[in-house]
Amino acid sequence: QVQLVESGGGLAQPGGSLRLSCAASGFTFGNYYMGWFRQAPGKERQLFAAIIWSGGSTHYADAVKGRFTISRDNDKNTLYLQMNSLKPEDTALYYCAKARTSRTYSATIDLVAHYDYWGQGTQATVSS
């Protein structure tokens, strides 16, 4: 019954911006930390941003720190990703994901094993 649906992907120029959304249903969204993963062609899926259940506390991979912002609206059951200063290497399929456990947070939040549901993904392409 858990569903995660990403949207907002598309084509952007280097230095441009995209805003991704993830609509969640089938669980109490406000009780789980959420993450954004991305997967480039021929590469492993990697987490690059995460946010705790209440919002506020966030984690970013060095590759996106200062450029991407993760946020959430628990009243709307929606996760967001604001992507600024885009680079060609940001080109990937972007997924949102739900943590396995309610109101807990692990130091190893980048491990795929800590997430149990992913959306179908939305493609972001950065090219001139």
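**Exercise 1. Place N77 and describe its backbone.**

Where is N77 found?

*Solution.*
Step 1. N77 is found in the loop between β7 and β8 (78-83). Strands (E, at least two residues) and helices (H or I, at least four residues) are DSSP runs, numbered from the N terminus.
Step 2. This is a predicted model: local features need pLDDT of at least 70, side-chain atom pairs count only at pLDDT 80 or more, and totals for chains, interfaces and linings use all residues. Residues are numbered from 1 along each chain as its sequence is written, and side-chain values use heavy atoms, with hydrogens and water left out.
Step 3. Look at the backbone angle. Phi of N77 is near 50 degrees, which is a positive value in a residue other than glycine.
Step 4. Check the cover. N77 has 28% relative accessibility, so it counts as partly exposed. Buried means under 20% relative accessible area, exposed means over 50%, and partly exposed lies in between (1.4 Å probe, protein chains only).

**Exercise 2. Describe the whole chain.**

How many helices and how many strands does the protein chain have?

*Solution.*
Step 1. Count the elements. The protein chain has zero helices and 11 strands.
Step 2. Read along the sequence. The pattern is β-β-β-β-β-β-β-β-β-β-β.
Step 3. Test the compactness. The radius of gyration is 14 Å, close to the 14 Å that the globule rule gives for 128 residues, so the protein chain is as compact as a globular protein of that length. The radius is taken over C-alpha atoms, and the rule is 2.2 Å times the number of residues to the power 0.38.
Step 4. Add the dimensions. Along its principal axes, the C-alpha trace spans about 40 × 25 × 25 Å.
Step 5. Turn to burial. Of the 128 residues, 41% count as buried.
Step 6. Look at the contacts (heavy atoms within 4.5 Å). Take those between residues at least 6 apart in sequence: 59% of them join residues at least 24 apart.

**Exercise 3. Find the surroundings of R67.**

Is R67 buried or exposed?

*Solution.*
Step 1. Locate the residue. R67 sits in the loop between β6 (58-60) and β7 (68-73).
Step 2. Read its area. The relative accessible area of R67 is 10%, so R67 is buried.
Step 3. List its neighbours. Leaving out residues up to four places away in sequence, R67 touches Q82, M83, N84, S85, L86, K87 and D90.
Step 4. Look for a polar contact. This is a pair of N or O atoms within 3.5 Å; within protein, one must be able to donate a hydrogen and the other to accept it, and residues adjacent in sequence count only if both atoms are side-chain atoms. The side chains of R67 and D90 are joined by one of 2.8 Å.
Step 5. Follow one neighbour. S85 is found in the loop between β8 and β9 (92-99). Phi of S85 is near 50 degrees, a positive value in a residue other than glycine. With a relative accessible area of 41%, S85 is partly exposed.

**Exercise 4. Trace the links of V126.**

Which strand holds V126?

*Solution.*
Step 1. V126 lies in strand β11 (residues 122-126).
Step 2. At 4% relative accessibility, V126 counts as buried.
Step 3. Beyond residues up to four places away in sequence, V126 touches several partners, including A12, P14, L86 and T91.
Step 4. Compare sequence and space. V126 and A92 are 34 residues apart along the chain, and their C-alpha atoms are separated by 8.9 Å.

**Exercise 5. Do the same for G9.**

What is the C-alpha to C-alpha distance between G9 and T125?

*Solution.*
Step 1. G9 is in the loop between β1 (3-7) and β2 (10-12).
Step 2. Its relative accessible area is 32%, so G9 is partly exposed.
Step 3. G9 and T125 are 116 residues apart in sequence and 7.9 Å apart in space, C-alpha to C-alpha.
Step 4. G9 touches L20, T122 and Q123, not counting residues up to four places away in sequence.

**Exercise 6. Find the polar partner of T108.**

Which side chain does T108 join in a polar contact of 2.8 Å?

*Solution.*
Step 1. T108 is found in the loop between β9 and β10 (115-118).
Step 2. T108 is partly exposed, at a relative accessible area of 35%.
Step 3. The partner is H114: a polar contact of 2.8 Å joins the two side chains.
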